[in-house]
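I opened this notebook page to look up how the aromatic rings are arranged, and which charges accompany them. The entries follow in the order in which I checked them.

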Amino acid sequence: MSEILRFENISLNVEKKTLFNFSLTINTGDFFIVNGKNAAGKSLLLKLFFLKILPSNGKMFLYGKRITENQKVNILEYRKKVGVILQNDYLIPFFSVYQNIEIASEIQSKKKHFKKRIDEILDWLDLKQISSELVNKLSNGEKQRVVIARALINNPKIIIADQPENYLDEVIKKKLFFLLESLNKLGATIIMTSNNYNMLTSTYKIINLGDSK
């Protein structure tokens with residue numbers, strides 16, 4: 001396994017509180033579950049793994065090279081490899097289901113076989129029958145499935161997900177967890193929060209977040 005991210009004595013200052021204070025290495029093919037109480041900073045930690053935010057203290061390394069705010073090109077290149085499912089992850093409301101997924105593929109400039117890939121993921125997440133519906137007409141569960149499809153359309157090497165099972169029924173939850181486990185077995189690195197990770201059958205590692213200081 002090769003190293004993707006390494007954190008050394010990392011912490012984040014938020015509203016006069018210090019969160020995290022940890023060291024961690026994330027390697028290719030790892031499967032991490034971030035666990036902790038409400039307000040422990042789980043969603044913030046995922047944003048840190050996505051490099052949407054950077055730590056207030058400590059050192060962070062990307063593929064062995066230290067990362068600072070001045071290295072925006074390296075950060076953007078990394079983020080292109082990541083599929084992200086965040087809470088309140090906005091879709092384009094006046095676009096259809098298909099268009100929301102299609103535009104994610106076009107942004108990544110991976111046009112080869114993308115129509116076949118979109119059809120596959122629409123079918124897997126039971127979205128094919130509503131693929132022409134505008135997003136603003138969908139239920140919360142349907143919107144969540146579109147967010148998941150958009151994140152996975154480009155076969156990302158790294159998947160970061162914040163309670164991706166939110167709003168999903170039991171059947172779709174099982175399909176989602178099976179899909180994530182299958183992608184992990186194929187080499188994808190997965191970092192996620194979940195209230196239902198007991199549904200996983202694969203081996204995973206736990207990142208426990210304690211109380212903030």
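**Rings and charges**

I looked first at charges over rings, and found the charged end of arginine 6 over the ring of phenylalanine 61, 4.1 Å from its centre; a charge sits over a ring if NZ of Lys or CZ of Arg is within 6 Å of the ring centre and within 35 degrees of the ring normal. I also noted lysine 175, whose charged end sits over the ring of tryptophan 124 at 5.2 Å from its centre.

I am working with a predicted model, in which local features need pLDDT of at least 70 and side-chain atom pairs count only at pLDDT 80 or more, while totals for chains, interfaces and linings use all residues. Residues are numbered from 1 along each chain as its sequence is written, and side-chain values use heavy atoms, with hydrogens and water left out.

**Aromatic pairs**

I searched the whole structure and found 6 aromatic pairs (rings of Phe, Tyr and Trp, the last by its six-membered ring, with centres within 6.5 Å; planes under 30 degrees apart are stacked, over 60 edge-to-face, the rest tilted). The rings of phenylalanine 7 and phenylalanine 22 have centres 5.6 Å apart and planes at 50 degrees, so I entered the pair as tilted. Phenylalanine 7 lies in strand β1 (residues 3-14) and phenylalanine 22 in strand β2 (residues 17-27), so the pair ties together parts 15 residues apart in sequence (strands are DSSP runs of E, at least two residues, numbered from the N terminus).

I listed Phe7, Phe20, Phe22 and Phe49 as one aromatic cluster.

Key:
Helix = DSSP H or I, 4+ residues; strand = E, 2+ residues; numbered from the N terminus.
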